[in-house]
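Dear colleague,

Please find below the structure that I am handing over to you, with its sequence. My notes on what was found follow directly after it.

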Amino acid sequence: MRFLCLIYTSADVDGTLTSSEVDSLIAEHFAYDESLRKKGTLILSDALATPDKAIVIRPRGSALSTTDGPFVETKEHLAGFYLVEAANMADAMEIARRIPSGRHGAIEIRPIRILTLPGT
């Protein structure tokens with residue numbers, strides 16, 4: 001099964017880490033990514049730009065509404081993700097609990113739904 005591990009970082013932490021702490025965290029992510037690749041469980045991972053770079057679109061018929069980020073009233077924002085292959089939710093939780101940025105926020109784990117066209 002595929003699982004998406006969404007990394008939420010606390011807005012209270014943004015900008016409070018020193019350059020050395022940020023560099024260390026990035027190095028931890030690269031090392032963790034490589035360990036997951038070697039196990040064959042990592043499909044894709046990446047960091048996201050900060051919320052102030054985000055745009056939300058809402059297509060409504062022929063109209064398109066856009067809103068600049070940050071767009072959610074929250075103290076956490078989506079900072080990155082890991083798309084992984086795991087046997088079950090318990091295995092996905094084990095992978096997610098080791099994501100380095102999790103200690104600065106939270107990790108949401110969602111199973112990926114495999115959609116098929118009706119009649120296929």
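**Findings in the model**

Leucine 117 lies in the segment that follows strand 6 (105-111). With a relative accessible area of 62%, leucine 117 is exposed. Between leucine 117 and phenylalanine 81 there are 27 Å in space, C-alpha to C-alpha, and the two are 36 residues apart in sequence.

Please note that the model is predicted. Its mean pLDDT is 88, and 94% of the residues reach 70 or more. Confidence is highest in strand 2, at a mean of 96, and lowest in strand 4 (residues 63-68), where the mean is 78.

**Overall arrangement**

The protein contains two helices and six strands. Read from the N terminus, the order of these elements is β-α-β-β-β-β-α-β. The C-alpha trace spans about 50 × 40 × 20 Å along its principal axes. Of the 120 residues, 27% count as buried. Among contacts with a separation of 6 or more, 76% come from residues 24 or more positions apart.

**The nonpolar core**

In soluble globular proteins, nonpolar side chains tend to be buried together. In this model, the largest nonpolar core comprises 13 residues, and those with the most contacts inside it are Cys5, Tyr32, Leu36, Tyr82, Val84, Ile95 and Ile99. At least two residues of this core come from each of strand 1 (2-10), helix 1 (19-39), strand 5 (76-85) and helix 2 (89-97).

**Helix 1**

Helix 1 is 21 residues long and reaches 31 Å from its first C-alpha to its last, which is close to the 30 Å expected at 1.5 Å a residue. Which residues of helix 1 are buried? They are Leu25, His29, Tyr32, Asp33 and Leu36. These residues lie on the same side of helix 1, because they cover an arc of only 105 degrees around the axis. The cover over the buried residues of helix 1 includes strand 1, strand 2 (42-47), strand 5 and helix 2. On the face turned away from the buried side, helix 1 carries the exposed residues Ser19, Ser20, Asp23, Phe30 and Lys38. Just after helix 1 comes glycine 40, which takes a positive phi of about 80 degrees.

**Salt bridges**

There are six salt bridges in the structure. One of them joins the side chains of glutamate 85 and arginine 2, at 3.8 Å from N to O. This pair links distant parts of the chain, since glutamate 85 belongs to strand 5 and arginine 2 to strand 1, 83 residues apart. Glutamate 85 is partly exposed, at a relative accessible area of 32%, and arginine 2 is likewise partly exposed, at 40%.

A further salt bridge is found between arginine 37 and glutamate 34, whose closest N and O atoms are 3.5 Å apart. Both residues, arginine 37 and glutamate 34, are in helix 1 and are separated by three residues, about one turn of the helix. Arginine 37 has a relative accessible area of 47% and is partly exposed; glutamate 34, with 36% relative accessibility, also counts as partly exposed.

The side chains of glutamate 108 and arginine 110 also meet in a salt bridge, with an N to O distance of 2.6 Å. At 25% relative accessibility, glutamate 108 is partly exposed, and arginine 110, with a relative accessible area of 47%, is partly exposed as well. In addition, Glu94, Arg97 and Arg98 are joined into one network by salt bridges that share partners.

**Histidine 77**

Histidine 77 is part of strand 5. Is histidine 77 buried or exposed? Its relative accessibility is 13%, so histidine 77 counts as buried. Leaving aside residues up to four places away in sequence, histidine 77 touches Ile7, Tyr8, Thr9, Asp14 and Pro51.

**Points to view together**

When you open the model, Tyr32 and Leu36 may be a convenient place to begin: both are among the residues with the most contacts inside the largest nonpolar core, and both are listed with the buried residues of helix 1. Strand 5 also recurs in these notes. It supplies at least two residues of the core, helps to cover the buried residues of helix 1, and holds histidine 77. Strand 5 also contains glutamate 85, the partner of arginine 2 in strand 1.

With kind regards

How values were computed: Residues are numbered from 1 along each chain as its sequence is written. Side-chain values use heavy atoms; hydrogens and water are left out. A nonpolar core is a set of buried Ala, Val, Leu, Ile, Met, Phe, Trp, Tyr and Cys residues joined through side-chain atoms within 4.5 Å. Buried means under 20% relative accessible area, exposed over 50%, partly exposed in between (1.4 Å probe, protein chains only). Helices (H or I, at least four residues) and strands (E, at least two) are DSSP runs, numbered from the N terminus. A salt bridge is a side-chain nitrogen of Lys or Arg within 4 Å of a carboxyl oxygen of Asp or Glu. The expected span of a helix is 1.5 Å times one less than its number of residues. The arc is that of the directions from the helix axis to the C-beta atoms. Contact means heavy atoms within 4.5 Å. pLDDT is the predictor's confidence in each residue, from 0 to 100.
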